[in-house]
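Hi,

Here's the structure I promised to pass on. Have a look, and then read my notes underneath.

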Amino acid sequence: PGLGYLIKGMCHNQIGNYNNALSNYLIAQEYALKNKNSEQLFYIKNLIGQLKLFWGNKEEALEIFKSQLIEIEQTYNYKDQEQHYFSILFNLSNCFILLKEYDSALFYSKIGIQKSLKSNKTNKYYEFVAQSGEILYYQNYLKMALDSIEKSFSYESSNNGLLNNHYYRGKIYEKLNNSDKAHFHFSKSDSIYNLKKDVDHE
C-alpha cells in the first residue's frame, strides 16, 4: 500500500495538486516507517523537502536536505545513490539562494559541478553551471553570471529551466543597461510562463 500512496503523491505533484501530494507522501511515509523500508523513507523525505522548498518553507527544507546529505555520505555508496546526491546538492544550493546566503549556495553548486564533471553527467553538469550563474548574478558578478547561464542554455530540458535562463539573462542585461536584450529575454520568459503556468522563477 505504501508504494501506491507514493505513486499517487507523485501523480498529484506532477499536475500541481501539491496538498494532495503531501497527504499521500505522509501516508506512504507511515507505511515505510512501519515496514522499515529505509530507501523508500529516504526518497519520500526528499520529495517532502522539495515541496517545502516550493512552498517557501526554506528553513524546514534546508534541514531536510542537510540531514539527507549526511545520510547519503555516511550510509550509502555514492555511486548507487548518485541521482539523489545531485538532487540534494541542487536543492541545498536553492535553499541558500532563497535564504540569500550566496556563498553557501555557491559552495554546494560548485560541488555539483565537480562531481557531475567527474561522473560525465553532462546534463547535470550544466544544471549546476546554470545554478551557479544565478548565484553569481546575486553576487553582482554579472559577466561571469551571463557566461554560465548562456553556456547552459542548449542543455535546458524543462520549461522551468528555460524560463529561468531567459529571466536571469533579462535581469543581467537590465543591470548592464542593455534594455533591448533585457526586453527580449523577459519577453521569452513571459511567453514560457504563459504557455505553462506551473513554473516558477527560482
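Below is what I found in it, starting with the core and then two buried residues.

First, the ground rules: this is a predicted model, so local features need pLDDT of at least 70 and side-chain atom pairs count only at pLDDT 80 or more, while totals for chains, interfaces and linings use all residues. Residues are numbered from 1 along each chain as its sequence is written, and side-chain values use heavy atoms, with hydrogens and water left out.

The largest nonpolar core (buried Ala, Val, Leu, Ile, Met, Phe, Trp, Tyr and Cys residues joined through side-chain atoms within 4.5 Å) has 47 residues, and Tyr25, Phe65 and Leu69 have the most contacts inside it. Its largest share, nine residues, comes from α5 (helices are DSSP runs of H or I, at least four residues, numbered from the N terminus). Beyond four places in sequence, Phe65 is in contact (heavy atoms within 4.5 Å) with residues including Asn46, Leu53, Ile88 and Cys95.

Phe96 sits in α5 and is buried (under 20% relative accessible area, 1.4 Å probe, protein chains only) at 5%. Setting aside residues up to four places away, Phe96 touches Leu62, Lys66 and Tyr108, among others.

Asn165 is in α9 and is buried too, with a relative accessible area of 2%. Its side chain reaches the backbone oxygen of Ile149 at 2.9 Å, and a polar contact (N or O atoms within 3.5 Å, one able to donate a hydrogen and the other to accept it; residues adjacent in sequence count only if both atoms are side-chain atoms) of 3.0 Å joins the side chains of Asn165 and Arg169.

Cheers

Definitions and conventions. Buried < 20%, exposed > 50% of the residue type's maximum accessible area, 1.4 Å probe, protein only. Helix = DSSP H or I, 4+ residues; strand = E, 2+ residues; numbered from the N terminus.
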